[in-house]
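Here are a few worked exercises to try with the viewer open. Give each task a go before you read its solution.

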Amino acid sequence: MPDGFVIKTATITRKVDGWYFTLSLQDPSVPEWSPDPPTWENTMGIDLGLSSFLVTDEGEVIEVPQYYRKAQKPLKRLQRSVSRKQKGSNRYQKAVKRLSKAHQKVANQRRDFHHKVAHQLLQDI
């Protein structure tokens, strides 16, 4: 670890594809961030909805990518495969792992989409 950094938190997480170790470090040379007070120039209105993911105050519409809907057929097939296995067997465990990886892929796609949209909105301000 570089000199001058202080470990604030450490988290160990187990996911389907392995173990993750996350460190939060504090660097005393980085100044504290204080946001600008809100003004009409640096403020954006956002309406979240069901038919579209969001609509900005300028009328820009961002559609909902249907990641889960697109993955339903493979998920259905994998779930059927799990249900046909004898509970506790090696093949059951392998099938559960395949199903979990498919669900994790959908979750990662959603998370990536949310981060990209948030980044885009911050760039537009």
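**Exercise 1. Find the helix that holds F113, decide whether F113 is buried or exposed, and list its contacts.**

Solution. Keep in mind throughout that this is a predicted model.
- Step 1: F113 sits in helix α2.
- Step 2: its relative accessibility is 15%. The cut-off for buried is under 20%, so F113 counts as buried.
- Step 3: leave out residues up to four places away in sequence, and F113 touches F53, I62, E63, P65 and Y67.
- Step 4: for a distance check, take F113 and I46, which are 67 residues apart in sequence; their C-alpha atoms are 16 Å apart in space.

**Exercise 2. Compare the span of α2 with the expected value, then work out what its buried residues pack against.**

Solution.
- Step 1: α2 covers residues 90–124 and has 35 residues.
- Step 2: from first C-alpha to last, α2 reaches 51 Å, close to the 51 Å expected at 1.5 Å a residue.
- Step 3: the buried residues of α2 are Y92, A95, L99, Q104, V106, F113, V117 and L121.
- Step 4: these buried residues pack against β1, β3, β4, β5 and α1 (67–84).
- Step 5: look at Q104 as one of the buried residues. Q104 has a relative accessible area of 15%, and beyond its neighbours within four places in sequence, Q104 is in contact with K15, V16 and D17.

**Exercise 3. How many salt bridges does the structure hold, and how are D112 and K116 placed in the helix?**

Solution.
- Step 1: the structure holds 1 salt bridge.
- Step 2: the side chains of D112 and K116 form it, at 3.1 Å from N to O.
- Step 3: D112 and K116 are 4 residues apart in helix α2, so about one helical turn separates them. The general background is that an α-helix has 3.6 residues a turn, so residues three or four places apart point the same way.
- Step 4: now accessibility. D112 is partly exposed at 37%, while K116 is exposed at 53%.

**Exercise 4. Which residues make up the largest nonpolar core, and which helices supply at least two residues each?**

Solution.
- Step 1: the largest nonpolar core has 8 residues: A71, L75, L78, V82, Y92, A95, L99 and V106.
- Step 2: α1 and α2 each supply at least two residues of this core.
- Step 3: a second, separate core has 5 residues, among them L54, I62, V117 and L121.
- Step 4: for context, nonpolar side chains tend to be buried together in soluble globular proteins.

**Exercise 5. Trace how the strands pair, and explain why β3 and β5 each have one side without a neighbour in the sheet.**

Solution.
- Step 1: 3 strands form an open sheet, with antiparallel pairing, in the order β3-β4-β5.
- Step 2: β3 (46–48) and β5 (61–62) are at the edges with a single partner strand each, so one side of each has no neighbour in the sheet.
- Step 3: β4 (residues 54–56) pairs with β5 over 2 bridges, in the antiparallel sense. The bridge partner of V55 in β5 is V61.
- Step 4: turn to β1 (residues 6–15) and β2 (residues 18–26), which pair in the antiparallel sense over 9 bridges.
- Step 5: a hairpin of 2 residues joins β1 to β2, and I7 stands opposite L25 in β2.

How values were computed. Residues numbered from 1 in each chain as written. Predicted model: local features only at pLDDT ≥ 70, side-chain atom pairs only at ≥ 80, totals over all residues. Heavy atoms only, no water. Pairing = 2+ DSSP bridges. Buried < 20%, exposed > 50% of the residue type's maximum accessible area, 1.4 Å probe, protein only. Contact = heavy atoms within 4.5 Å. Salt bridge = Lys/Arg side-chain N within 4 Å of Asp/Glu carboxyl O. Expected span 1.5 Å × (residues − 1). Core = buried A, V, L, I, M, F, W, Y, C linked by side-chain atoms within 4.5 Å.
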